[in-house]
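Notebook open, coffee ready. I wanted to look up a few things in this one and jot them down as I went.

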Amino acid sequence: MIMGKFINLNLSTEEREKYDYSLKILRDNYAVEQSAEERGRAEGRAEGKAEGRQEEKSKIALNMKHSGCDIALIMTCTGLSQEEIERLN
């Protein structure tokens with residue numbers, strides 16, 4: 001870190017401006033990358049939660065189906081369509 005500061009002191013004004021600009025670009029790129037990674041993680045979590053909710057609905061519907069519940073009741077309780085319920089085994 002000290003070496004970097006020492007080198008910066010020996011730069012001309014033009015060189016210093018170019019150096020500062022290149023650092024700004026690096027920092028901006030890093031911030032964009034971090035933001036994209038966080039968005040990707042958030043999207044992944046949301047997809048996982050949605051899949052988990054759908055799996056839980058399917059399990060409940062299957063249990064109700066095996067218990068002899070009426071399809072209309074299963075549809076009301078789970079929000080699944082008749083076709084989705086009929087595909088369950």
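I started where helix α3 (residues 71–78) begins: a side-chain oxygen of Asp70 comes to within 3.1 Å of the backbone nitrogen of Ala72. Helices here are DSSP runs (H or I, at least four residues), numbered from the N terminus. Just past α3, I found Gly79 with a positive phi of about 80°.

Next I checked how far to trust this. It is a predicted model, where local features need pLDDT of at least 70 and side-chain atom pairs count only at pLDDT 80 or more, while totals for chains, interfaces and linings use all residues. Residues are numbered from 1 along each chain as its sequence is written, and side-chain values use heavy atoms, with hydrogens and water left out. The chain's mean pLDDT (the predictor's confidence in each residue, from 0 to 100) is 90, and 90% of its residues reach 70 or more. Confidence is lowest in helix α1 (residues 2–9), with a mean of 54, and highest in α3, at 96.

Then I went for charges. How many salt bridges does a search of the whole structure find? I got six, each being a side-chain nitrogen of Lys or Arg within 4 Å of a carboxyl oxygen of Asp or Glu. In one salt bridge, Glu14 pairs with Lys18, their closest N and O atoms 3.3 Å apart. Both sit in helix α2, four residues apart, about one turn of the helix.

Note on methods: Polar contact = N/O pair within 3.5 Å; in protein donor to acceptor, adjacent residues only side chain to side chain. Helix = DSSP H or I, 4+ residues; strand = E, 2+ residues; numbered from the N terminus.
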